[in-house]
Structures are given as structure tokens and as C-alpha cells.
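Got the model open in your viewer? Keep the selection box handy and follow along, stop by stop.

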Amino acid sequence: MASTFRLRAFVDANVLASPVPRTILYLSRPLADYELVFSPWVEAEAERHQSPGHVPVSVLRQRYDWRFAADPDEPAELEDTDAKDQPVLAAAVEAGAHYVVTANVTDFGEKDLARFAISAVHPGLFLKHHITAETYREVLEVVGASRGREPRDPLSIHEQEISVHLSALFEAHRDLFGPATPDTAHNPPAIEFRGSRCVRCHAVLDDGRASDVVACRSCAGVAR
Ligand SMILES: [Zn+2]
């Protein structure tokens, strides 16, 4: 019998408010090994930052039945996470998440992430490790077909949108649709991972590992 275990990723407000990362994460989910969750506090924060004219996150959540978890009554005490992000990490802890998927990895403190065995991961790096090339192709085809504006073909979406918002995913599948030229705004974030869970399998990583190690030994040897 297939395992029903799914990695649990808590979605930060900056990802929910940003259409490209949000759409790729949610469309890929049924074809991948993760579930997504966020809380009322995060939803309100995302809606404050959404561009005018965009469909509010709460409307999308209800329309698509996205998973919603309660904010904690008594939030976990945190040490070295930015004050504005403490409600995010506390809600992720409450939800039993293995990851916080966020555009701002460095807002989350090393000590807090280690204590609760959570990793903060940029959505581009997260998706690089959790969707196959086939899933990526399928999702970009769906995005293109369902949209009333350009870009609509997968290569153009890949070059113009994925390269900007999900750079590690772009690099992982760079020439999947033919030779690709990234948008000039393609500028990978300096830090895309922090924490103590393997980015791919949620195993707890060794203490004292090199700072650029994001996967456990067995995952590091596996090509997706
Ligand atoms: Zn692993």
C-alpha cells in the first residue's frame, strides 16, 4: 500500500501574496509529496500585501478548499526570529509543519528553527526538490491554457516568470522547453535555506554540517 504520509509545508504570507509562487505550489501539490497549510494570521497579512485587483487569498482558499489551520492560543516562545515573523513560525509549529515556505528565509532564526526541527525554504528551492520535470511541464501547460494574457506558452512563462520568482526551479529545468533565456530580473536570492530538516525528505540534518548543505546524505546522492 502506498504511504499516505505527506510532508507538511506552512506557507508564509509573502508567498501567498505573490501569484506565481502561490500558483505553482498549489497546482503542483496533488502531483507531489507535500501538503500546504496556512493560518488566519498569515492570510490577513497576505491580503494586506496583495496587489489591488487580485482575488483575495481568503476567496481563493474557500474556492479551492485550501487547508487552513488555527493560530496558536499560546504561541511557542521564540528567541531569534524577527518579531514580525514570530506569529508565522509559531503557527507553523502549532500546525506540525516540517517547513516554512517563505521568500525571506533569513527572517527565521537558526536557534528557533533547530529547536522546533523546521526548515525555512524559498519556494523555488522547495519546488526544485519536490516536483518532477513531468509535473513542472504539466503545471506550466495548465497555467498557460487557463490564462487570458501573455505569456501563455510554457517556455515564455518559464523564462519570464519562473526565472524571476522561483529561480532554483528555473535552473533545475533550464532547457526543458528548449534553450531558455532568463528574464533580466532573474536574480537568485543569496540564502534560500535555513534550518535542520532535509529539504527533500524531512530527516533531521547533522549538526556541524557545512552551511550550504540542504539535504541529508541519502537525498544528496539522488537525482530527481
Ligand atoms: Zn533527505
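Start by selecting Ala-117, which sits in the loop between helix H6 (110–116) and E4. Helices here are DSSP runs of H or I with at least four residues, strands are runs of E with at least two, and both are numbered from the N terminus. Two housekeeping notes before moving on: residue numbers count from 1 along each chain as its sequence is written. This is a predicted model, where local features need pLDDT of at least 70, side-chain atom pairs count only at pLDDT 80 or more, and totals for chains, interfaces and linings use all residues.

**Odd backbone spots**

Back to Ala-117: its phi is near 50°, a positive value in a residue other than glycine. Most residues other than glycine have a negative phi, and most peptide bonds are trans. Is Ala-117 buried or exposed? Neither quite: Ala-117 counts as partly exposed because it has 14 C-beta neighbours inside 10 Å. The scale runs like this: 20 or more other C-beta atoms within 10 Å of a residue's own make it buried, 12 or fewer make it exposed, and anything in between is partly exposed, with C-beta atoms placed from the backbone.

Jump to His-202, in the loop between E5 and helix H11 (217–220). His-202 is not a glycine, yet has a positive phi of about 70°. This residue is buried, since 20 other C-beta atoms lie within 10 Å of His-202.

Now pick Glu-150 and Pro-151 and look at the bond joining them: a cis peptide, with omega about -5°. Pro-151 belongs to the loop between H8 and H9.

**The sheet**

Hide the helices for a moment. What is the strand order? You should read E2-E1-E3-E4-E5 across an open sheet of 5 strands with mixed pairing; strands pair if DSSP finds at least two bridges between them. E2 and strand E5 (193–195) stand at the edges with a single partner strand each, so one side of each has no neighbour in the sheet. On average, neighbouring strands of this sheet are turned by 25° against each other, direction ignored.

Zoom in on the E2 edge. Strand E1 (residues 7–11) pairs with E2 in the parallel sense over 4 bridges. Ala-9 is opposite Leu-36 in E2, and Phe-10 is opposite Val-37 in E2. Show the side chains of E2 (residues 34–37) and watch them alternate: Tyr-34 and Leu-36 are buried and point to one face, while Glu-35 and Val-37 point to the other and are not buried.

Next, select Val-101 in strand E3. Val-101 is buried, because 29 other C-beta atoms lie within 10 Å. Leaving out residues up to four places away in sequence, Val-101 touches several residues, among them Ala-9, Leu-25, Val-121 and Phe-126; contact means C-beta atoms, placed from the backbone, within 7 Å.

**The helices**

Bring the helices back and find H7 (residues 123–130). H7 lies across E1, E2, strand E3 (99–101), strand E4 (119–121) and E5, and runs at about 120° to E3. For such angles, axes are lines fitted to C-alpha atoms, for helices over the stretch in contact, and values run from 0 to 180 degrees between N-to-C directions.

Select H5 (residues 86–94) next. Its buried residues are Val-88, Leu-89, Ala-90, Ala-91, Ala-92 and Val-93, and their cover includes E1, H3, E3 and H6. Just after H5, Gly-96 takes a positive phi of about 70°.

Then colour H3 (residues 40–49) and H4 (residues 57–64). How far apart are their axes? They are 9 Å apart, and the helices pack at an angle of about 125°. H3 and H4 are therefore oblique to each other, given that under 35 degrees counts as roughly parallel, over 145 as roughly antiparallel, 65 to 115 as roughly perpendicular and the rest as oblique. Glu-43, Ala-46 and Glu-47 of H3 make the contact with Val-57, Ser-58 and Arg-61 of H4.

Last stop: H8 (residues 133–145). Tyr-136, Val-139 and Leu-140 are buried in H8. They cover an arc of only 100° around the axis, which puts them on the same side of H8; the arc is that of the directions from the helix axis to the C-beta atoms. Glu-134 and Ala-145, on the other side of H8, are exposed. The cover over the buried residues of H8 includes helix H2 (19–28) and helix H9 (154–165).

Note on methods:
Contact = placed C-beta atoms within 7 Å.
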